Amino acid sequence: MTKITIIGSEKSGKTTLAGKLGKRSNVTDITMYDYAKNDRILTTIDATGYPVSVKALVTALNLSDIALLCIPPAGLDPQSAECIIALDLMKYKHGIVVLTKSDTSYPLAQEELQAKLRKITTGTALENWDYISVSTSSFEGMEELKELIFTVGDKADEDLRKLDGLRPRVVIDQSFNVTGIGCVVLGVVTQGTINAKDKMIAYPAKKELEIRSIQMHDVDVKSAPAGARVGLALKGIQSKDIDRGFVVSQEETVATNFILKCTLSPLAKEFNVADMLHLYVGLQSSPVKVTEIIEVEAKMERAKPGKEYILKLSGSKEVAYSKDDRFVLANLDGKQRFIAFGYEL
Ligand SMILES: Nc1nc2c(ncn2[C@@H]2O[C@H](COP(=O)(O)OP(=O)(O)O)[C@@H](O)[C@H]2O)c(=O)[nH]1
Ligand SMILES: [Mg+2]
């Protein structure tokens with residue numbers, strides 16, 4: 001099972017490409033496309049809510065294993081630059097840079113664009129990504145792209161197999177009520193293996209539940225490994241008590257205030273004590289106020305790009321997370337909105 005997200009600048013051909021990679025299934029601020037052939041299953045997510053919503057981008061990326069960054073012949077614009085910063089702050093491991101609309105460009109220009117992008121992304125999470133030119137009009141590169149997605153998908157799967165033995169966690173992206181069944185949620189097993197009859201807890205609300213049954217691509221299964229996109233019928237909980245962003249797990253920390261060791265992007269906008277930022281972890285987000293900025297031992301009034309700080313952040317919304325979860329911070333007033341990543345101290 002391979003899960004990809006297509007991101008990039010507006011009008012770079014993202015939605016058209018997603019439409020060529022599968023059948024559209026559901027739409028919110030992210031749109032999913034499904035494709036199944038033999039034992040290959042591909043879920044493609046178009047972060048349709050982005051660029052208006054940063055959350056749509058983070059959500060789509062956190063539901064996927066591979067990012068496709070679309071760059072049209074016109075090259076980088078502020079939005080694709082913001083996508084690169086987001087991918088770097090998230091340390092997004094697997095991805096492909098797709099040079100779109102190749103029918104409107106020339107091979108030499110495509111080569112130059114590729115060289116330029118490779119230079120810009122040196123030292124970022126995108127450093128070793130593959131590049132491919134495609135056109136959804138002439139179909140140039142489309143078969144090669146599908147093959148490449150599955151090759152990168154195999155590498156992503158290898159990484160996921162290392163997570164099968166960890167304690168199970170499922171991030172939820174949808175919940176609804178099905179007549180005769182009850183509460184059904186859709187989500188992704190981010191680590192561990194889940195089994196039917198497992199007793200788990202829905203965080204941050206801390207509601208106990210039992211997994212009644214598990215489906216993967218509409219097929220009933222007894223268990224699901226790390227990386228699986230699953231539909232779960234749940235016992236002991238109502239659909240109104242579980243929502244997008246919830247984590248079904250056995251143990252999570254729940255907090256409204258955070259002390260994070262943060263690294264600011266060199267391209268971040270400066271911010272000050274008392275500024276409001278947005279914090280993202282998994283599919284959750286919360287507005288937080290910066291209450292303290294500490295550089296090594298000294299207290300600061302202002303946080304500068306490219307540096308490390310301990311940030312004290314105060315919010316009012318409960319967020320569930322675990323020790324090794326990577327937090328991302330954004331300043332929604334900025335032009336380039338992503339500013340830092342951090343871990344709980
Ligand atoms: N010539 C050409 N036009 C394309 C290609 N892919 C998309 N387009 C056109 O580019 C425009 C923007 O495409 P869309 O998929 O909506 O871009 P998005 O904003 O990134 O989702 C539309 O008019 C598409 O028909 C392509 O490969 N070649
Ligand atoms: Mg679109």
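**Exercise 1. Find where Pro-51 sits, and say what is special about the peptide bond before Pro-51.**

Step 1. Look between β4 and α2: Pro-51 is in the loop that links them. Helices here are DSSP runs of H or I with at least four residues, strands are runs of E with at least two, and both are numbered from the N terminus.

Step 2. Check the bond from Tyr-50 to Pro-51: it is cis, and omega is near 15°.

Step 3. Now try Tyr-203 and Pro-204, which are also joined by a cis peptide bond, with omega about 10°. Pro-204 belongs to the loop between β11 (199–203) and β12 (207–216).

A word on what you're looking at: this is a predicted model, where local features need pLDDT of at least 70, side-chain atom pairs count only at pLDDT 80 or more, and totals for chains, interfaces and linings use all residues. Residues are numbered from 1 along each chain as its sequence is written, while chains are lettered from A and ligands numbered from 1 in the order in which they are written.

**Exercise 2. Work out the strand order of the open sheet with 7 strands, and say which strands stand at the edges.**

Step 1. Read across the sheet and you get β2-β3-β4-β1-β5-β6-β7, with mixed pairing. Two strands pair if DSSP finds at least two bridges between them.

Step 2. Go to the ends: β2 (23–27) and β7 (130–133) each have a single partner strand, so one side of each has no neighbour in the sheet.

Step 3. Add the twist: on average, neighbouring strands are turned by 25° against each other, direction ignored.

Step 4. Put a helix on the sheet. α5 packs there, touching β1 (2–8), β4, β5 (66–71), β6 (94–99) and β7, and its direction makes about 165° with that of β6. Axes are lines fitted to C-alpha atoms, for helices over the stretch in contact, and angles run from 0 to 180 degrees between N-to-C directions. Contact means that the C-beta atoms of two residues, placed from the backbone, lie within 7 Å.

**Exercise 3. Trace the two hairpins that involve β3.**

Step 1. Start with β2 and β3, a hairpin with 3 residues between the strands. These strands are antiparallel over 4 bridges, and the bridge partner of Val-27 in β3 is Thr-31.

Step 2. Move on to β3 (residues 31–37) and β4, antiparallel over 7 bridges. Thr-31 has Asp-46 as its bridge partner in β4, and Met-32 stands opposite Ile-45.

Step 3. Look at the turn: this hairpin has 2 residues between its strands, and Asn-38 takes a positive phi near 50°.

**Exercise 4. Decide whether Ile-132, Phe-271, Asp-218 and Ala-274 are buried or exposed.**

Step 1. Fix the rule: with C-beta atoms placed from the backbone, a residue is buried if 20 or more other C-beta atoms lie within 10 Å of its own, exposed if 12 or fewer, and partly exposed in between.

Step 2. Take Ile-132, found in strand β7. Its count is 20 other C-beta atoms within 10 Å, so Ile-132 is buried. Among the residues it touches are Ile-96, Val-98 and Leu-148.

Step 3. Phe-271 lies in strand β18 (residues 271–272). With 23 other C-beta atoms within 10 Å, Phe-271 is buried too. Its contacts include Leu-277, Val-290 and Ile-339.

Step 4. Asp-218, in the loop between β12 and β13 (219–221), has 8 C-beta neighbours inside 10 Å and so counts as exposed. Asp-218 isn't a glycine, yet its phi is positive, about 65°.

Step 5. Ala-274 is in the loop between β18 and β19 (276–281). It has 9 C-beta neighbours inside 10 Å, so it counts as exposed. Its phi is near 85°.

**Exercise 5. Describe how domain 1 meets domain 2.**

Step 1. Get the bounds, which come from an automatic or database domain assignment: domain 1 (2–161), domain 2 (169–249) and domain 3 (254–344).

Step 2. Place the first pair: the centres of domain 1 and domain 2, taken over C-alpha atoms, are separated by 28 Å.

Step 3. Count the contact: domain 1 gives 10 residues and domain 2 gives 7 residues. On the domain 1 side, β4 (40–46), α2 (54–62) and α5 (142–161) give two or more residues each.

Terms used:
Lists of a residue's contacts leave out its neighbours within four places in sequence.
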